[in-house]
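Trainee: Could you pick one part of this model and go through it closely with me? I'd like to know how it is put together.

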Amino acid sequence: MMQNDLFSSITPVMEKLAEGVFLFRDYVDTEYFYTQIQDIFKQAPLRHMITPGGKRINVSGTSIGKAGWYSDRKGYRYEMIDPVSQKAWPAIPQRFMEIANKAAARAGFEKFLPDSCFINCYEPGTRLTSHQDQDEKDFSQPIVSVSLGVTAIFQLYGDQRGGTPMNIPLHNGDLLIFGGIARRYFHSVKKLEKENHPLTGDRRFNLTFRKAL
Ligand code: MD3
Ligand code: FE
């Protein structure tokens, strides 16, 4: 319908993939996001953290916001001071806040004000094994994720680590929201293929906005 086409061109489409799971394809200005994170990495460099069990996490990461997710032999937790730079984490850019907040509101999560954003960097061959995000205080708050660069296959399980997942390809610019029942779901990211993307080269970046405290 003509009227609907006109409407679609100004209001990005939101797809509901499952209860509590909402996908906005090609939603963000990726050049802006990429420029901002390059600047962030100068202040809070990407680093490979260590699990409490002593394993090196292959996907490197860093944080912005009041609280930054951190892991070493002492455990998984949120830190207010970056243990590497010994300074506060860089602030979340105001535009990032507005984008995450606006998308969350469209998905039915009003007043989402993240105090933490974890930035993951995937190089070819790296993957994220199945896990739950459970280091945050309030599970009624959703998680908003933004993908940049090379496409990865995101896998969504349920309340158990295994079984047959829903496979969701995440492309440059996609924004995904997890809330409600899905907030505790197990999820993983398949091994990144060696591909080239004009914005990020052979890498993929993912930002996860959270209310941690
Ligand atoms: C589903 N990151 O940082 S983002 C993570 O693509 C993480 O880098 C992945 O899992 C990535 O913890 C996935 C999408 C995502 C984030 C949080 C979730 C999916 C989620 C929390 C609960 C359920
Ligand atoms: Fe996760």
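Mentor: Let's start with one strand and its partners, then stop at the metal site.

First, some ground rules. This is a predicted model, where local features need pLDDT of at least 70, side-chain atom pairs count only at pLDDT 80 or more, and totals for chains, interfaces and linings use all residues. Residues are numbered from 1 along each chain as its sequence is written, chains are lettered from A and ligands numbered from 1 in the order written, and side-chain values use heavy atoms, leaving out hydrogens and water.

Now find strand E8, residues 143–149 (strands, E, are DSSP runs of at least two residues, numbered from the N terminus). Seven of its seven residues are buried, meaning under 20% relative accessible area, with exposed over 50% and partly exposed in between (1.4 Å probe, protein chains only).

E8 pairs with two strands, and pairing takes at least two DSSP bridges. Four bridges tie E8 to E11 (residues 175–178), running antiparallel; there, Val144 is matched with Ile177. With E13 (residues 204–210), E8 shares six bridges, again antiparallel, and Leu148 is matched with Phe205.

Next, the iron ion (ligand 2). His131 (NE2), Asp133 (OD) and His187 (NE2) coordinate the iron ion at 2.0 to 2.2 Å. Donors here are N, O and S atoms within 2.8 Å of the metal (3.2 Å for Na, K and Ca), and water is not among the atoms, so sites may look incomplete. Along the chain, the spacing reads H-x1-D-x53-H. Asp133 is buried because its relative accessible area is 9%, while His131, at 23%, counts as partly exposed.
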